[in-house]
Amino acid sequence: MFKNIINGIKAYFGTFKLISKLGLWKFFAIPILISVITGFIFVGLAYFFSDNLGTLIAKIWPWEWGSETFATISTYIGGLFILVLGLVLYKHIVMALSAPFMSPVSEKVEAHLLGETNHEHRNTSFRQQLSRGIRINVRNLLRELLFMIPLVILSFIPVIGIVFTIFIFLIQAYYVGFGNMDYTMERHFGYKESIQFVRKHRGIAIGNGIVFVLMLFIPIIGFIITLPISVVAASTETVKILDDKKLMAINHSSEEPKKISE
């Protein structure tokens, strides 16, 4: 899996050049707008509500001594909690709403890598792509929260808490990479097949998501460039796997689509 993580990260190299070569920037206008607006909303929520949440957290400290210090720490904890939760929600909201715009991008990357082929694609409408994006990201969001809520609590344990923080980061990376890969898979697989595919290639998803999450910490610019280049990077790796393992259906052939293999 480690090799696949590296491949998922390396796929980012050359993405800007590929985007310009294929003229893909025009597809990113609305997703970038969605990303920037959603990002500023969650940053604003963290700024305005961190004090309120911090006050609630501070109430668990029953003693007078150290109460002011604990209140100050609680404010930072409250802001951090809102930011972490906001980051989780942000990713899935943006990726779900951007699905109809990212699918054509993935398709153009696929055509560029494979050239003229007789591969059969599932033809889906704007509404179907949006519905698929929402379904995948709601599913991933619920699972991500299921893992992260206990891990966030455990991350406050001195010393060993850093281990749980790393787990939080990797879980976020996996599910965001999942979403980016699905923009390609939705043309070739149904819902359940896509989940099976990502599980067998989770290293690619983690590698793609690692860069995605790290780029979000770049002020303002992170909200603008992260989604476009991560989708292109995920598309190139996903298409390569599909092609190498002969997982694409063929037009005008009695051959059935291959089952997903290791």
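Which residues line the largest cavity? In this predicted model, the lining is made up of M95, A99, S103, Q129, R132, G133, N137, G179, D182, Y183 and E186. Below is a friendly tour of that cavity, of the largest pocket, and of the way helix α1 packs with helix α8.

**The cavity**

- The structure holds 1 cavity of 30 Å³ or more, and the volume of the largest cavity is about 60 Å³.
- Three helices each give two or more residues to the lining of the largest cavity: α4, α5 (residues 126-154) and α6.
- Helix α5 supplies the largest share of this lining, with 4 residues.
- Sorted by class, the cavity lining has 3 nonpolar, 5 polar and 3 charged residues. Among the residues you will find there are R132, D182 and E186.

**The largest pocket**

- Turning to open space, the largest pocket has a volume of about 670 Å³.
- Its lining is built from 27 residues, and those closest to the pocket centre are L80, L83, V84, L87 and F217.
- The elements that give two or more residues to this lining are α3 (29-58), α4 (67-114) and α6 (161-185).
- Helix α4 gives the most to the pocket lining, with 8 residues.
- By class, the pocket lining has 22 nonpolar and 5 polar residues, with no charged ones.
- If you are tracing helices by eye, α4 and α6 are worth following: both appear among the elements lining the pocket and among those lining the cavity.

**Helix α1 against helix α8**

- Helix α1 (residues 2-10) packs with helix α8 (residues 202-215) at an angle of about 45°, and their axes lie 7 Å apart. That angle makes α1 oblique to α8.
- The crossing of α1 past α8 is right-handed.
- On the α1 side, the residues in contact are N4, I5, N7, G8 and I9. On the α8 side, their partners are G203, I204, I206, G207, N208, I210 and V211.
- The residues of this contact divide into 6 nonpolar and 6 polar, with no charged residues.

**To look at in the viewer**

- For the pocket, a handy place to start is the group L80, L83, V84, L87 and F217, the residues closest to its centre.
- For the cavity, try displaying Q129, R132, G133 and N137, which are among its lining residues.
- For the helix pair, G8 in α1 and G203 and G207 in α8 are among the residues that meet.

Terms used: Residues are numbered from 1 along each chain as its sequence is written. This is a predicted model: local features need pLDDT of at least 70, side-chain atom pairs count only at pLDDT 80 or more; totals for chains, interfaces and linings use all residues. Side-chain values use heavy atoms; hydrogens and water are left out. Axes are lines fitted to C-alpha atoms, for helices over the stretch in contact, and angles run from 0 to 180 degrees between N-to-C directions. Angles under 35 degrees count as roughly parallel, over 145 as roughly antiparallel, 65 to 115 as roughly perpendicular and the rest as oblique. A crossing is left-handed if the near helix is turned anticlockwise from the far one by less than a right angle, and right-handed if clockwise. Contact means heavy atoms within 4.5 Å. Ala, Val, Leu, Ile, Met, Phe, Trp, Tyr, Cys and Pro count as nonpolar, Asp, Glu, Lys and Arg as charged, and the others, Gly among them, as polar. On a 1 Å grid over the protein atoms alone, a cavity is a set of points where a 1.4 Å probe fits but cannot get out, and a pocket is an open set with protein on both sides within 12 Å along at least five of seven lines; lining residues have an atom within 4 Å of a point. Grid points are joined across faces, edges and corners, and a volume is the space filled by probe spheres set on the points.
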